[in-house]
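Dear colleague,

I am passing on to you the structure shown here, together with some notes on what I found in it. Please read them alongside the coordinates.

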Amino acid sequence: MTIDKSWTTIRRRGSSTEFWNGLQHFLQMAKPFVNDRGFIKCPCRRCLNNASHQLEDLESHIFRNGFMFGYNQWIHHGEPATANAGTTVPGPSGGIPETDEMFDVLDDIISEDADEDAVGGPSANDQYDDLFAALRSELHPGVSSFSSLNFLVKLMHLKVLNKWTNKSFDELLKLLKLAFPKIDLVESHYEAKKLMTKMGLGYSSIHVCKNDCALFWKENSLKDTCPVCSENRWKLHSGKRSGKNVPHKVLRYFPVGPRLKRLFATSKTAKLMRWHSTGKSKDNDVMRHPVDGKSWQEFDKRHPQFAGDVRNVRLGLAADGFNPFGNMSLSYSMWPVVLTTYNLPPWICMKAEYLMLSLLIPGPQSPGKDMDVFLRPLIDELKELWVNGLDTRDAASENGVFRMRAALLWTVNDFPARSSLSG
């Protein structure tokens, strides 16, 4: 009897009826082969048949993580070991190899949707259609080593590393289109940026009062004048608003929660996030990491419930102003607010790739004592992470999902910045 296994390669599990029906058939097939305690090996991409679970957990694991690669003969789940006919699993369509790293990236991105859908079956969420279309398409006829999405991500990475301007990026895309007419690539940096935003690499733009009195956010989001000083939200020309609404100031806010969840999405970084529990200095006179300090130990004593789970995140905040225009005479002060994760070992936690930009406060003047106005989105999210936390998938744990909480322990700044952060 031929067993249909094509459903195991479907990527968009959250909206695929075929995947859901195939999974139910697999569970029915495996049901007679559970052990005396009701457990059976789990073939999801995290467990890889190395861990055993009950059938209801098996359903959740496979739906959330996907079906493991290479398990073409289901010898642990009812298929005879000698059955070779009709048991091969076809690879993804479009000629893109299964090893394309972007598949795993998208799996991490849509895992939250999969968690929600696993209880009630497939959803109709189509927000990732463009991403999967770019992932399934070849960059150029005959080129199977790159998908269109993979190439675009690497190109955007080069842009950041080498500080290309948006205009130079647009001109490069035009040149590639001219040289390779059949290349499957976006037309502009604007289109590339829209695609990247769907991968969780975006930010929120929040309008700010001209005098730094308040944010046009939440309860003030629909107002056209500042609730404190009554200053107009929009730039005016000759006392009138122009055709397009242009705000005086824009605060860029980069949500912290989704990026903290990404740290637990891969087994390597998920294990590193536990380092502080085992990496303490054995010499009481040596402090090589904040975990060796008295403040950390005192915090653990005051908050034993938080300290009880070593995966809960401890953060430090740094803020300072700089002139983005370099050595030009123009006086301008922009303030980035950066978070560092102290769960990580000392040789990693201060590396640029592990620092998280949370706010980009606009100039031209330093925010001064109005800093608290700009910090509000970050403080609100940190309060939510402290009180309620976030359901987070832990790739280094068999338990799968845990409630991640976070605490801000310290600020790192010079004395002028300290006076601003202190209000």
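What follows concerns a helix pair and a sheet with the helices that pack on it.

Please keep in mind that this is a predicted model. Helix α1, residues 17-30, packs with helix α2, residues 55-65, at an angle of about 150 degrees, and their axes are 11 Å apart. Because angles over 145 degrees count as roughly antiparallel, α1 is roughly antiparallel to α2. The crossing of these two helices, α1 and α2, is right-handed. On the α1 side, the contact is made by Phe 19, Trp 20, Leu 23, Gln 24, Phe 26 and Leu 27, which meet Leu 55, Leu 58, Glu 59, Ile 62 and Phe 63 in α2. Sorted by character, the residues of this contact comprise nine nonpolar, one polar and one charged.

Turning to the sheet, seven strands form an open arrangement with mixed pairing, in the order β6-β5-β9-β12-β11-β10-β15. Its edge strands are β6 (215-216) and β15 (406-412), each of which pairs on one side only. Within the sheet, β10 (residues 313-319) and β11 (residues 335-341) run antiparallel and are joined by five bridges, and Leu 315 has Thr 341 in β11 as its bridge partner.

Helix α11 (residues 294-302) packs on this sheet, where it touches β10 and β15, and its direction makes about 155 degrees with that of β15. Helix α14 (residues 371-387) also packs on the sheet, touching β5, β6, β9, β10, β11, β12 and β15, while its direction makes about 150 degrees with that of β12.

With best regards

Definitions and conventions:
Residues are numbered from 1 along each chain as its sequence is written. This is a predicted model: local features need pLDDT of at least 70, side-chain atom pairs count only at pLDDT 80 or more; totals for chains, interfaces and linings use all residues. Side-chain values use heavy atoms; hydrogens and water are left out. Axes are lines fitted to C-alpha atoms, for helices over the stretch in contact, and angles run from 0 to 180 degrees between N-to-C directions. Helices (H or I, at least four residues) and strands (E, at least two) are DSSP runs, numbered from the N terminus. Angles under 35 degrees count as roughly parallel, over 145 as roughly antiparallel, 65 to 115 as roughly perpendicular and the rest as oblique. A crossing is left-handed if the near helix is turned anticlockwise from the far one by less than a right angle, and right-handed if clockwise. Contact means heavy atoms within 4.5 Å. Ala, Val, Leu, Ile, Met, Phe, Trp, Tyr, Cys and Pro count as nonpolar, Asp, Glu, Lys and Arg as charged, and the others, Gly among them, as polar. Two strands pair if DSSP finds at least two bridges between them.
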